[in-house]
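New to this one? Here is a quick briefing to read alongside the sequence and the 3D view.

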Amino acid sequence: MTRVPRGYIARRRRTKMRSFASNFRGAHLRLNRMITQQVRRAFVSSHRDRGRQKRDFRRLWITRINAATRIYKVFDSYSKLIHNLYKKELILNRKMLAQVAVLNPNNLYTISNKIKTIN
């Protein structure tokens, strides 16, 4: 039987997977079947952890704001601060509030004074 020259599609697919696995170690870098399994697993983990990262940062910001409001006695708690922000229609997201609370607590006082004075 004569030799049939195969196409390049499978090779292109494998080299693409190999490029994703360039930082892996051992068999996960060298064997094609292991490469596909580990790359697929890495993609699943990265997709899952993108959502988890958003949750974790939101929890961190809420914790920082809560700690700052209690330490500097701006409000009794985080929930009262956020409730009054929404009630007075001052639109500040939690990320910005956390930055203000950590880096410049004096501005947290000015924000709370704005909330208390607007009627």
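Of the 119 residues of the protein, 21% count as buried. Keep in mind that this is a predicted model. The protein has six helices and zero strands, and its radius of gyration is 26 Å, well over the 14 Å that the globule rule gives for 119 residues, so the protein is more spread out than a compact globule.

**Overall layout**

- Walk along the sequence and you meet the pattern α-α-α-α-α-α.
- Along the principal axes, the C-alpha trace of the protein spans about 90 × 25 × 20 Å.
- Take the contacts in the protein with a separation of 6 or more: 40% of them are accounted for by residues 24 or more positions apart.

**Surface and charge**

- The protein exposes about 9800 Å², and carbon and sulfur atoms supply 55% of that area.
- How many positive and negative side chains does the protein have? There are 30 positive and 4 negative ones, and the centres of the two sets lie 18 Å apart.

**The nonpolar core**

- The largest nonpolar core has 14 residues. Those with the most contacts inside this core are Ile65, Leu81, Leu85, Leu97, Leu108 and Ile115.
- Which helices each supply at least two residues of this core? They are H3 (32-71), H4 (78-87), H5 (94-103) and H6 (105-117).
- H4 gives the largest share of the core, with four residues.
- Leu97 is a good place to zoom in: leaving out residues up to four places away in sequence, Leu97 touches Ile65, Ile82, Leu85, Leu92, Leu108 and Ile111.

**A buried alanine: Ala68**

- Look for Ala68 in helix H3.
- Is Ala68 buried or exposed? Its relative accessibility is 6%, so Ala68 counts as buried; the cut-off for buried is under 20%.
- Setting aside neighbours within four places in sequence, Ala68 is in contact with Lys73, Ala101 and Leu108.
- Ala68 and Ala101 are 33 residues apart in sequence, and their C-alpha atoms are 5.8 Å apart in space.

**Two loop residues with positive phi**

- Some background for this pair: most residues other than glycine have a negative phi.
- Lys73 is found in the loop between H3 and H4. It isn't a glycine, yet its phi is positive, at about 55°.
- With 67% relative accessibility, Lys73 counts as exposed, because the cut-off for exposed is over 50%.
- Glu89 sits in the loop between H4 and H5. Here too the residue is not a glycine, and phi is positive, at about 60°.
- Glu89 has a relative accessibility of 67% and so counts as exposed.

**Three lysines on the helices**

- Lys16 lies in helix H1, which covers residues 9-20. With a relative accessible area of 53%, Lys16 is exposed.
- How far apart are the C-alpha atoms of Lys16 and Gly51? They are separated by 26 Å, and the two residues are 35 residues apart along the chain.
- Lys54 lies in helix H3, and at 58% relative accessibility Lys54 counts as exposed.
- Lys54 and Thr15 are 39 residues apart in sequence, and from C-alpha to C-alpha they are 33 Å apart in space.
- Lys80 is found in helix H4. Its relative accessible area is 42%, so Lys80 is partly exposed: partly exposed is the range between the cut-offs of 20% and 50%.
- Lys80 and Thr69 are 11 residues apart in sequence and 9.7 Å apart in space, C-alpha to C-alpha.

Methods:
Residues are numbered from 1 along each chain as its sequence is written. This is a predicted model: local features need pLDDT of at least 70, side-chain atom pairs count only at pLDDT 80 or more; totals for chains, interfaces and linings use all residues. Side-chain values use heavy atoms; hydrogens and water are left out. The radius of gyration is taken over C-alpha atoms; the globule rule is 2.2 Å times the number of residues to the power 0.38. Buried means under 20% relative accessible area, exposed over 50%, partly exposed in between (1.4 Å probe, protein chains only). Contact means heavy atoms within 4.5 Å. Accessible areas come from the Shrake-Rupley method with a 1.4 Å probe; for residues, only the protein chains shown count as cover. Lys and Arg count as positive and Asp and Glu as negative; His and the chain ends are not counted. The place of a charge is taken as NZ of Lys, CZ of Arg, CG of Asp or CD of Glu. A nonpolar core is a set of buried Ala, Val, Leu, Ile, Met, Phe, Trp, Tyr and Cys residues joined through side-chain atoms within 4.5 Å.
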